[in-house]
Amino acid sequence: MQEAATKVAADGWPTFRVGVNTGMALVGNIGSPELRGFNAMGDAVNVAARLQGLAEPGTVVIGSTTLAQASTAEARPLGPLRLKGKEQEVEAFVLTRIIRA
């Protein structure tokens, strides 16, 4: 995704930032029959949104659970972060590389 985004950005398109977190979430069609939308809700989703807000343009910031499950990922630690809506600090990392098998 980052490689493709870099190519597109070279043509003048804006860069983007990504936040990824792993955990339980409620995912599905939410709403009434008249106004329904596909959505994801939960603490893991909220943390991912906060991590996205911290990411520099063109980077991916991931939570510690995601890093632990991504055995081929290399990341630079951001340290413990205070995120809005969280009482405890959250460990976050900037994804630097995924090793391809």
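How far apart are the mean positions of the positive and negative charges of the protein chain? They're 2 Å apart, taken over 10 positive and 9 negative charges. For that count, Lys and Arg are positive, Asp and Glu are negative, and His and the chain ends are left out. Each charge is placed at NZ of Lys, CZ of Arg, CG of Asp or CD of Glu.

Quick word on what we're looking at. This is a predicted model, so to speak of local features we need pLDDT of at least 70, and side-chain atom pairs count only at pLDDT 80 or more, while totals for chains, interfaces and linings use all residues. Residues are numbered from 1 along each chain as its sequence is written, and side-chain values use heavy atoms, with hydrogens and water left out.

Okay, the fold. We've got three helices and six strands, where helices are DSSP runs of H or I with at least four residues, strands are runs of E with at least two, and both are numbered from the N terminus. Going along the sequence, the pattern reads α-β-β-β-α-β-α-β-β. The C-alpha atoms fill a box of roughly 40 × 35 × 30 Å along the principal axes.

Of the 101 residues, 22% are buried; that's under 20% relative accessible area with a 1.4 Å probe, protein chains only, with exposed being over 50% and partly exposed in between.

Now, the salt bridges. There are two of them, each meaning a side-chain nitrogen of Lys or Arg within 4 Å of a carboxyl oxygen of Asp or Glu. In general, side chains of opposite charge can pair when their charged atoms come close.

One salt bridge joins the side chains of K86 and D43, at 3.0 Å from N to O. This pair links distant parts of the chain: K86 sits in the loop between β5 (73-81) and β6 (90-98), D43 sits in helix α2 (residues 43-54), and they're 43 residues apart. Buried or exposed? K86 is partly exposed at 26% relative accessibility, and D43 is partly exposed too, at 44%.

The other one is E74 with R97, at 3.7 Å, N to O. Here E74 is in strand β5 and R97 in strand β6, 23 residues apart, so again distant parts of the chain get linked. For the side chains' surroundings, E74 counts as partly exposed at 31% relative accessibility, and R97 as partly exposed at 46%.

Last stop, the surface. L26, I30 and M41 make a nonpolar patch of about 250 Å². Patches take residues with over 30% relative accessible area and no salt bridge, joining like charges within 9 Å and nonpolar side chains (Val, Leu, Ile, Met, Phe, Trp, Tyr) within 5 Å. L26 belongs to strand β2, residues 26-31.

How values were computed. Accessible areas come from the Shrake-Rupley method with a 1.4 Å probe; for residues, only the protein chains shown count as cover.
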